[in-house]
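I open a fresh page for this structure. I want to go through its sheets, its helices and one pocket.

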Amino acid sequence: SLYYKKAEILGKRLSDQGITVVTGGGPGIMQGASKGAFEGKSLSVGLNIDLNFFEEPNPYQDISLRFRHFFSRKVMFFKYASAYVIFPGGYGTLDELAEALALVQTRKTPKIPIILLERKFWEPLVDWFKDHLLAEGMINESDLDLFTIADSIEEAEKIIQDHLKDNQRQMDISSFL
């Protein structure tokens, strides 16, 4: 798919810049990002979840970790991330997006870029945030600044580069071992 190809390109570009790319390790868009990172200069890490209906982990992982429960898998995602790039996805994607927003909002994790890739896909959800969550006082106006919508992988890449330059944060893969 188009999203797979974009994930593959972004994974490769980030990997070639020395950034370890961590995905859910599954098929589809996760595999695209893993494949790009695997073909690049840095590590491709897959945080695979054991599900009775999912295929095997994708083959493009330098390090493949298996998790039985979502909560422990999410801890790994959020503890070591320097940025989150959220491609279009289903319930699992929405779960991880909500967790990232809540952790940054409550300052349980440092403020790092949360990038929603593909405006056309995400804009209706963001409108719902504004029309319901903000309008009913469930979030603050500043909470809408916790994420950025990017229209292209180049824009997402620049947001990540700028953040890393400003903060000099890179994931230390030895923490996984």
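Which residue in S5 is the bridge partner of valine 85? I looked it up: the partner is isoleucine 115. A note before I go on: this model is predicted.

**Entry 1: the sheet with S5**

I followed valine 85 outward to its strand. Strand S4 covers residues 84-86, and S4 pairs with S5 in the parallel sense over three bridges. I checked another pair and found isoleucine 86 opposite leucine 116 in S5.

Next I wanted the whole sheet. It is open, has three strands in the order S4-S5-S6, and its pairing is parallel. S4 and strand S6 (148-150) stand at the edges with a single partner strand each, so one side of each has no neighbour in the sheet. On average, neighbouring strands here are turned by 30 degrees against each other, direction ignored.

Are the faces of S5 covered or open? I find both covered in strand S5, residues 114-117. Ile114 and Leu116 are buried on one side, Ile115 and Leu117 on the other. That fits a general rule: in a regular strand the side chains alternate between the two faces of the sheet.

I also looked for a helix here. H5 lies across S4, S5 and S6 and runs at about 115 degrees to S5.

**Entry 2: the sheet with S2**

I turned to another sheet. This one is open too, with three strands in the order S1-S2-S3 and parallel pairing. Its edge strands are S1 (21-23) and S3 (63-67), each pairing on one side only. The twist averages 15 degrees from one strand to the next.

I went through the pairing of S1. Three bridges join S1 to strand S2, residues 44-49, and the two run parallel. Valine 21 stands opposite serine 44. Valine 22 has valine 45 as its bridge partner in S2.

How many of the six residues of S2 are buried? I count what the model gives: six of the six, so S2 is largely enclosed by the rest of the structure. Ser44, Gly46 and Asn48 are buried on one side, and Val45, Leu47 and Ile49 on the other.

**Entry 3: helices H2 and H1**

Which residues of H2 are buried? I list Gln31, Gly32, Ala33, Ser34, Lys35, Gly36 and Ala37. Their cover includes H1, S1 and S2.

From H2 I moved to H1, which spans residues 2-16 and holds glutamate 8. I asked whether to call glutamate 8 buried or exposed. The cut-off for buried is under 20% relative accessible area. Glutamate 8 has 10% relative accessibility, so I wrote it down as buried. Leaving out residues up to four places away in sequence, glutamate 8 touches Gly32, Ala33, Lys35, Gly36 and Glu39.

**Entry 4: the second largest pocket**

Last, I looked at open space. Its volume is about 160 Å³ for the second largest pocket. What lines this pocket? I noted Ala98, Leu101, Ala102, Gln105, Phe129, Leu133, Ile139, Asp143, Leu144, Leu146 and Phe147.

I sorted the lining by type: nine residues are nonpolar, one is polar and one is charged. Then I sorted by element. Helix H4 (91-105) and helix H5 (119-134) each supply at least two lining residues. H4 gives the most, with four. H5 thus appears twice in my notes: in this lining and across S4, S5 and S6.

Key: Residues numbered from 1 in each chain as written. Predicted model: local features only at pLDDT ≥ 70, side-chain atom pairs only at ≥ 80, totals over all residues. Heavy atoms only, no water. Buried < 20%, exposed > 50% of the residue type's maximum accessible area, 1.4 Å probe, protein only. Contact = heavy atoms within 4.5 Å. 1 Å grid on protein atoms, 1.4 Å probe; cavity = no way out; pocket = protein on both sides within 12 Å on 5 of 7 lines; lining within 4 Å. Points joined across faces, edges and corners; volume = space filled by probe spheres on them. Nonpolar A, V, L, I, M, F, W, Y, C, P; charged D, E, K, R; others polar. Pairing = 2+ DSSP bridges. Axes fitted to C-alpha atoms, helices over the stretch in contact; angles between N-to-C directions.
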